Amino acid sequence: MEDGYTGTRSSQRVRVVTSPIMLEIGTEGSGQVLDLSEGGAFLLTDRPLQPDGAYPVRLATEAGKVDATVRVVRCSLEPLDPPSFAAGIRFEGLTPRDRRRLRKVVAKRMPRDSVSALNPR
């Protein structure tokens, strides 16, 4: 699916296929993370998010909570039951602690071969 993204990805990402990661989006509600990296996430939510809008978020992970501000890269209505909005978000202003927590979550959920390629001996 074409999302209009023309840049290059600078961080490893992982599809979230095991236990779901939920994301609280300020006063806008919550979303379920489907794809996660240190740079951002792709999620489903029941409310639209304003493209280029900035939102405070809290991500609950097995490595601890991550508080951040995100910028919405794109948001579109998906024909699901119930109807949902798919949003691509980019993390902004992560603290070193929160960046480490995200890195742990991404590394833990990646296939072993991918993790060893990230950390050569």
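Is Arg 58 buried, exposed or partly exposed, and what is its relative accessible area? Arg 58 turns out to be partly exposed, with a relative accessible area of 32%. Keep in mind that this is a predicted model. Below is a quick tour of strand 5, where Arg 58 sits on the uncovered face, followed by a look at the salt bridges, five in count.

**Strand 5 and its two faces**

- Strand 5 covers residues 54–61.
- Its covered face carries Tyr 55, Val 57, Leu 59 and Thr 61.
- Ala 54, Pro 56, Arg 58 and Ala 60 make up the uncovered face.
- This fits a general pattern: in a regular strand, side chains alternate between the two faces of the sheet.

**Neighbours of strand 5**

- On one pairing, strand 5 runs antiparallel to strand 2 (residues 21–25), and four bridges join the two.
- Leu 59 of strand 5 is the bridge partner of Leu 23.
- Strand 5 also runs antiparallel to strand 6 (residues 64–78), this time with eight bridges.
- Here Val 57 stands opposite Ala 68 of strand 6.
- Strands 5 and 6 form a hairpin, with two residues between them.

**A salt bridge from strand 5**

- Back to Arg 58: its side chain meets that of Asp 67 in a salt bridge, at 2.7 Å from N to O.
- Asp 67 counts as partly exposed, at 32% relative accessibility.

**Arg 71, Glu 92 and Arg 90**

- Another salt bridge brings together the side chains of Arg 71 and Glu 92, at 3.3 Å from N to O.
- Arg 71 lies in strand 6 and Glu 92 in strand 7 (residues 84–92), so this pair ties together parts that are 21 residues apart in sequence.
- Arg 71 is partly exposed, with a relative accessible area of 22%, and Glu 92 is partly exposed too, at 25%.
- Arg 90 joins in as well: Arg 71, Arg 90 and Glu 92 are linked in a network of salt bridges.

**A link between distant parts of the chain**

- Arg 103 and Glu 38 meet through their side chains in a salt bridge, at 3.2 Å from N to O.
- The two residues are 65 apart and link distant parts of the chain: Arg 103 is in helix 1 (residues 96–109), while Glu 38 is in the loop between strand 3 (29–37) and strand 4 (40–45).
- Glu 38 is buried because its relative accessible area is 18%, which falls under the 20% cut-off.
- Arg 103, by contrast, counts as partly exposed, at 41% relative accessibility.

Definitions and conventions: Residues are numbered from 1 along each chain as its sequence is written. This is a predicted model: local features need pLDDT of at least 70, side-chain atom pairs count only at pLDDT 80 or more; totals for chains, interfaces and linings use all residues. Side-chain values use heavy atoms; hydrogens and water are left out. Buried means under 20% relative accessible area, exposed over 50%, partly exposed in between (1.4 Å probe, protein chains only). Two strands pair if DSSP finds at least two bridges between them. A salt bridge is a side-chain nitrogen of Lys or Arg within 4 Å of a carboxyl oxygen of Asp or Glu.
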